[in-house]
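Okay, everyone, thanks for coming. Let me pull up the model on the screen, and then I'll talk you through a few spots in it.

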Amino acid sequence: MLDRTVAPPVQPLASVTLPAADVLSLPNGARLHILRNNAQPVVRLQVVLPAGKSAEPSPGVSLLTARMLLEGTTTRTARQIADEVAFYGASLECEQGFDRATLTLYCLTRHLSSLLPLILDVLKEPSFPEQELALLKTRTVQNVRVERQKTSYLAAEQFSQRLFGASHPYGNTFEEETFQQVSTRQLRAFHQHAYQLGKAEIFLCGDVLPADELAIGQQLGQGAPISTSNIIAPVVSSATYANAQLYVPVEGSLQASLRIGRLWPDLRHPQSHELQVLVKVLGGYFGSRLMKNIREDKGLTYGIYASIGPREHATSLVIGSDVNAANAQAAIQEVHHELRRLQQELIPGNELLTVKNYMAGKFANELSTVFEQCDKYKNLIFYNLPPDYYSDFITSVQQADASTLRTLAQEYLTPESMLEVVSGPNQA
């Protein structure tokens, strides 16, 4: 009889391998990446273009361009676009990020070919109607005004500005007056430059049929090849934030939000996986040191985290938490304490084993669907990672030793090298 008082044995995860992608070059120079899985009759199509904040000529242009794509084309109104997507039971959205813009379609496999003309129309023929643009600006401004009443938003905003620099695409903040002045002419010019399909990386995953490949090549591979000159990477100066401390006052606030961090080695660093283990120990899961100390032992917060934020032109480490305003400095001192512990002491074997098992299990869970597998594969493409980056993840994590992690902490986790931003009530 099964003894339910005894936990089942735990088997270590040996290895995880991403499925291979088929990569096709389309006539216009775009690349089509295909990951196949016929478990469900659904597909996801993503058209990714170099049209994020890093590429925009003026703040707000890339955001408005991406959001206006679904507001009407030369042949369809916004209502007609929405009705056609709904008719096929599909989902269509366009998101703008720091480095790229992504048009994403989810649909049943049998409807993909019927929806491709709509995708092409949205990408190539947006009309940028003035009325919808004015409404979008109003909604965006109102949302930012609401967010800027929150200490967490202000702390994150000022942290990014100081870390990367006010003129850097990752650091420039929202300016209402500048945003309102963005014109339709600017959006059309940016669209014409950044949304050329020949610059696209196209990802198709799920139950892909041979006819789908042909249809995408015919629809999204149109046009002559174009020059795909690289965007000049914006430079971050470490002098922007070295030893900097900043307080952002919020009148009447009872809480304070903390953001502590620094620039961080990118994912191509030879010890990238070990650095991820180090950050997990510090504050990357519920049983982390920051959580045990500052939440469970001291009771200063409901939650605190440490995470790595990779982007194409810069990577950062950020420690964040919301605390009672009276406890802000005490929380910062405890963060410093945990950073120094990692620099001075070896991580105990049982704690390190727990973190390794957590990371392995979470990594395997993040590959449970073909869509998640495709997301990992996209990282290989956009962060210029080696093909075996994820194949080596489990092995590198399992082999990480306490001595190596302490050495990495001594190099990267010195409290005095961190930028500290606190947003809270006016100081007396």
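I'll go through a pocket, a cavity, some aromatic rings and one glutamine. Before anything else, keep in mind that this is a predicted model.

Let's start with the pocket. I picked the second largest one, and its volume comes out at about 540 Å³. It has 22 lining residues, and the ones closest to the centre are Lys 53, Phe 98, Asn 172, Thr 173 and Phe 174. So what kinds of residues make up that lining? By class, you get nine nonpolar, nine polar and four charged. Three helices each put in at least two residues: H1, which is 61-68, H5, which is 151-164, and H6, which is 176-180. H5 has the largest share of the lining, with four residues.

Now for the cavity. There's one cavity of 30 Å³ or more in the structure, and about 30 Å³ of space lies in it. If you want to click along, the residues lining that largest cavity are Trp 264, Pro 265, Asp 266, Leu 267, Ser 272, Leu 275, Gln 276 and Ile 308. Helix H9, residues 272-283, gives the most here, with three residues. Sort the cavity lining by class and you have five nonpolar, two polar and one charged.

On to the rings. A pair of aromatic rings is described by the distance of the centres and the angle of the planes. The structure holds 13 aromatic pairs. Take Phe 190 and Tyr 195: their rings sit 6.4 Å apart, centre to centre, with 75° between the planes, and that pair is edge-to-face. Are those two buried or exposed? Phe 190 has a relative accessible area of 3%, so it counts as buried. Tyr 195 is buried too, at 5% relative accessibility. There's also a cluster for you to look at, where ring pairs link Phe 363, Tyr 389, Tyr 390 and Phe 393.

Last stop, Gln 373. You'll find Gln 373 in helix H13, residues 370-382. Why do we call Gln 373 buried? Its relative accessible area is 15%, and the cut-off for buried is under 20%. What does its side chain reach? It's the backbone oxygen of Leu 367, at 3.0 Å. Leaving out residues up to four places away in sequence, Gln 373 touches Leu 18, Pro 19, Leu 35, Glu 366 and Leu 367. Leu 367 therefore turns up twice, as a contact and as the partner whose backbone oxygen the buried Gln 373 reaches.

Okay, that's my tour; over to you.

Technical notes
Residues are numbered from 1 along each chain as its sequence is written. This is a predicted model: local features need pLDDT of at least 70, side-chain atom pairs count only at pLDDT 80 or more; totals for chains, interfaces and linings use all residues. Side-chain values use heavy atoms; hydrogens and water are left out. On a 1 Å grid over the protein atoms alone, a cavity is a set of points where a 1.4 Å probe fits but cannot get out, and a pocket is an open set with protein on both sides within 12 Å along at least five of seven lines; lining residues have an atom within 4 Å of a point. Grid points are joined across faces, edges and corners, and a volume is the space filled by probe spheres set on the points. Ala, Val, Leu, Ile, Met, Phe, Trp, Tyr, Cys and Pro count as nonpolar, Asp, Glu, Lys and Arg as charged, and the others, Gly among them, as polar. Buried means under 20% relative accessible area, exposed over 50%, partly exposed in between (1.4 Å probe, protein chains only). A polar contact is a pair of N or O atoms within 3.5 Å; within protein, one must be able to donate a hydrogen and the other to accept it, and residues adjacent in sequence count only if both atoms are side-chain atoms. Contact means heavy atoms within 4.5 Å. Rings of Phe, Tyr and Trp (its six-membered ring) pair if their centres lie within 6.5 Å; planes under 30 degrees apart count as stacked, over 60 as edge-to-face and the rest as tilted.
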